[in-house]
Amino acid sequence: MGVAGEEAAAVVAQFARDGFVAEESRERAEFGVWDRVTPGRVVLVALQTVLRLRHEDGRDDAAVPPAGGAAGLGGEDHRVLVPALLGDAPAAREAERRGLITLDHVLGLLASVVAEESMTEAETGELLAAAEESCAGAPGGAATGRGIDTGPWDEDDAGRPEGGRVIDLGALLVPRVPGVEVHPMRSDDGAVVAVTVVNGRTAVQLQAYRSSPDTSWETIRGQLSRSIGRNGGSVEERAGRAGVELQTVVPVRGKSAGQISRVLGCDGPGWVLRGFVTGVGAKPGSTDAWAYATFEGTVVRASYAPPSRGAAIALRWPPAEA
C-alpha cells in the first residue's frame, strides 16, 4: 500500500474508533482534491467499490439507512447518496445540489458497510489498497460514477465533456486519437452492431445494447462467464478502473496460450455499453490506459437508432466526419 492508502487507512481507523472525523483526519484526507491520489479520494473509491459489488450481487440493502443514520446522514439523503455513488446520473446531480458528498458522509457509509460485512482490519486494508491502485490508474477527477464526472456518457448528461475529435457512429461517439484504426462488426443481416478501435497493440470493441431486465451489465457479465467456462476458458471478476469487470482467458485452437481479454461494462439510462479489450492493454497489470480512456469517453446516443429486432443498438457506417 502506498502513502495515500496508508493515510486513508489511518483516517478510516480514527473514524471507526471515535465516531467522528477529527480535525487532523480532515486535513490529512484532503477530501475534494481530485487531481491527484489523495487519502480522501481513496476512501471514496473504496466505498464506491464495495457498494457496487453489493449491488452487482443483487444486494440493494445498502440503500437502506442504517440505524441512527451514518454520520448525521438522514434517511432521504441516504437514499439519494447511495445511488449517486453507484453512478445514477439524476441522483448524482441531486447529491451535488444537496452537498451530500462529504468526508463525514463517506466515512459514515463506509463504516456501516464494513460493519455489516463483518470485514476485518486486514480486509479493509485490502479494499483501500485496491482503491488506491484504481485511483493511480485513473485520470484526474473524482471517481464518483458514470454521469457525474466520469463516463461512459449519455447524450443527455449535462456534465459530459464537449469538444475533441470523435468517431461519429450515430449511436456512439467514440474519442479519436491520431493513428487509430476503426473496423465494423456486422450482424447476420448486415447491420453494424459493434466497432473495434485499434491503437497500436491494443484494441477495444465497443457495443451498446438497449437495457431491459434481461439486458444489463450484470446479466451480460453472467452470460459471458458461463459461456467462457463452458468452452474451457477462465474468468475472474474484479473491481477495476471502470467498475466491476472481467479478466478472461479464452482457448485458441492450435495454440498453447489462450487469448487474454478484459471486459468492461456500464449501465446507463436505457442502455448498457460493453467494451472488449484485447492485446497489450488487456494483460493483468498493464499500464496501458488508452482502452479505459476510450471506454470512459464514449457517448451513447440511444435515441439516434430506432429500436430493432434485437437488443443491440445499430451503428452508422461509415463514420461521419467529426
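**View 1. The lining of the largest cavity in this predicted model.**
Eight named residues surround the space shown here, namely Val-45, Thr-49, Leu-127, Ala-130, Ala-131, Ser-134, Ala-239 and Gly-240, which together line the largest cavity of the predicted model. The elements that contribute two or more residues to this lining are the helices α3 (39-56) and α7 (121-137), together with the strand β7 (234-240). Helix α7 provides the largest share of the lining, with four residues. The space inside this cavity comes to about 50 Å³, and the count for the protein is two cavities of 30 Å³ or more.

**View 2. Pro-152 in the loop between α7 and β1.**
Leaving helix α7, the chain enters a loop that leads to strand β1, and Pro-152 is found in this loop. Is Pro-152 buried or exposed? Pro-152 has a relative accessible area of 1%, and because a residue counts as buried when this value is under 20%, Pro-152 is buried. Although Pro-152 and Thr-298 are 146 residues apart along the chain, their C-alpha atoms are separated by 5.2 Å.

**View 3. An open sheet of four strands.**
The strands in this view follow the order β1-β11-β3-β2 and form an open sheet in which the pairing is mixed. At the edges lie β1 (153-154) and β2 (166-168), each of which pairs on one side only. In general, the strands of a sheet pair through backbone hydrogen bonds, and they may do so in either a parallel or an antiparallel sense. For β1 and β11 (residues 299-300) the sense is parallel, and the pairing extends over two bridges. Within this part of the sheet, Asp-154 stands opposite Val-300, which belongs to β11.

**View 4. Helix α9 lying across the sheet strands.**
Which strands does helix α9 lie across? Helix α9, made up of residues 290-297, lies across β1, β3 (172-175) and β11, and it runs at about 145 degrees to β3.

**View 5. The protein as a setting for the close-ups.**
The elements named in the views above belong to a secondary structure of nine helices and eleven strands. The protein has 322 residues, of which 45% count as buried. Its accessible surface comes to about 15,100 Å², and 51% of that surface belongs to carbon and sulfur atoms. Among the contacts with a separation of 6 or more, 60% are made between residues that stand 24 or more positions apart.

Key: Residues numbered from 1 in each chain as written. Predicted model: local features only at pLDDT ≥ 70, side-chain atom pairs only at ≥ 80, totals over all residues. Heavy atoms only, no water. Pairing = 2+ DSSP bridges. Contact = heavy atoms within 4.5 Å. Axes fitted to C-alpha atoms, helices over the stretch in contact; angles between N-to-C directions. Buried < 20%, exposed > 50% of the residue type's maximum accessible area, 1.4 Å probe, protein only. Areas by Shrake-Rupley, 256 points an atom, 1.4 Å probe, with all protein chains shown as cover. 1 Å grid on protein atoms, 1.4 Å probe; cavity = no way out; pocket = protein on both sides within 12 Å on 5 of 7 lines; lining within 4 Å. Points joined across faces, edges and corners; volume = space filled by probe spheres on them.
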